Amino acid sequence: MASSDALAPVFDHIEANRSAFLDRLIAYLRHPSISAENIGIAEVGALLVEMLTEIGLETSLVPTEGHPMVVARWEKAPGKPTVLLYGHYDVQPPDPLDKWVSPPFEPTIRDGRLYARGVGDNKGQHFAQILAIESHLKVHSELPCNVILLLEGEEEIGSPRIAGFVRANQELLKADLAVTADGPRHASGAPTIKFGSRGVVSFDLRCRHASRDVHSGNFGGVVPNPIWTLVHLLATMKNEAGEITIEGLHDDVEPPTAEDLEAIERLPLDIAAFKQGLGLKRLDAPLDRPFYDRLCFQPTLTINGFHGGYGGPGTKTVLPNEALVKCDIRLVEAQDPEDILRKVRAHVEKHAPEVEFIVEETGMLPSKTQIASRYTAPLRRAFVAAHGEEPLLIPAGFGSLPNYVFTKILGIPAYVTPYANHDEANHAPNENMTLDCFQSGIRTGAALLHELGQLQNEG
């Protein structure tokens, strides 16, 4: 297994089973597993236990106060590293159904893409990891390194229990590194390794003034308008120059390293194409801030929705009595969700004490692994073996994943290796994954295990 020749027959097996692997993915995707609505979760959890046990992994369905975790392992490679492969078997609700060209749980191939809810996020990606494991076992009857597979059933509802689960099961999940196959590749189509994830907090701002809606002529100028109250408050939180002005919000932001800055300088960028693809005439302020600096190293404040008053056809001269704003803040290393929420609450109390500050969840921590880490080189070699080209290195992913449980609780480096195409439409109608991406994902997973098997465990 130490020979580089060991990978070639695994690749041959993957190619020979291209059609069979696709059929099995399609069968897997036919099973809904919508965590937000508790549809199909138990069934898919049991299906995974059966599937993983059958390919030779010691597998269990571990209960939590919510949806169960699937934990599978193969640890018969003494002296070799142990990699924890994370994914999630729950999917987003498919609504709006009328926007799907084909039904979300009837997987359909069109123009080299497989369309189904969950194909990119995340069933197609973790299924590729499973098939990579299976391929090594079929060809060599063993794996080149030790593997723990952790599949969560609540990622799409914010992973509310994974931190407690990992904290309580540190021995069960003891590993040298964690790898998550999730999210899209870079827009250029190049293979990608991400070294972190932004965290996130969400909150609502609700304002009520009068006990009922009133006539804007009879009462306008006398009765305060809750929409204006929220507009003025929001203007104190982010200014016209694009700067977030919540006091103390940036205090703990870690500046990028020299390796981080060098990595983003190498990322392909076509601003004109980016704007054209989204129908934009300009980027958000501040205009002088570099594109990838915004996405990797800077927190954001986003208004997700503004609700209040009349929005129907024609006019209605009403002064509403209530308005609501929903917001999120993306966090970067080393911001803490609870600390950020305290600072936002203090800002609201200072600038608009009559506005109600509502938080339903504590949020998700960011994660960060240094590019100059022990496992970067074998990961890069794995991508070269699978794709024939060097991967792009992205210091931090732009979205949020619960990788902080690996870096901050288990204390191990964590990497994100997206297998899906950049236009996978995850969380949207017509979610898809190209057939080539699925196949190359299996190859990448197999190459990753092989390259890690060339290392000796430091512990």
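Visitor: At what relative accessibility does Arg208 count as partly exposed?
Guide: This is a predicted model, where local features need pLDDT of at least 70, side-chain atom pairs count only at pLDDT 80 or more, and totals for chains, interfaces and linings use all residues. Residues are numbered from 1 along each chain as its sequence is written, and side-chain values use heavy atoms, leaving out hydrogens and water. Arg208 counts as partly exposed (buried is under 20% relative accessible area, exposed over 50%, partly exposed in between; 1.4 Å probe, protein chains only), because its value is 47%.

Visitor: Which residue forms a salt bridge with Arg208, the closest N and O atoms being 3.8 Å apart?
Guide: A salt bridge (side-chain nitrogen of Lys or Arg within 4 Å of a carboxyl oxygen of Asp or Glu) joins Arg208 to Glu356, at 3.8 Å. The pair links distant parts of the chain, 148 residues apart: Arg208 is in strand S10 and Glu356 in strand S15 (strands are DSSP E runs of at least two residues, helices H or I runs of at least four, numbered from the N terminus). At 36% relative accessibility, the partner is partly exposed. The residue is Glu356.

Visitor: Which residues are linked with Arg208 and Glu356 in a network of salt bridges?
Guide: The count of salt bridges comes to 20. In the network, Arg208 and Glu356 are linked with Arg206 and Glu322.

Visitor: Is Asp260 buried or exposed?
Guide: The side chains of Asp260 and Lys368 meet in a salt bridge, 3.3 Å from N to O. Asp260 lies in helix H8 and Lys368 in strand S16, so the pair ties together parts 108 residues apart in sequence. With a relative accessible area of 2%, Asp260 is buried.
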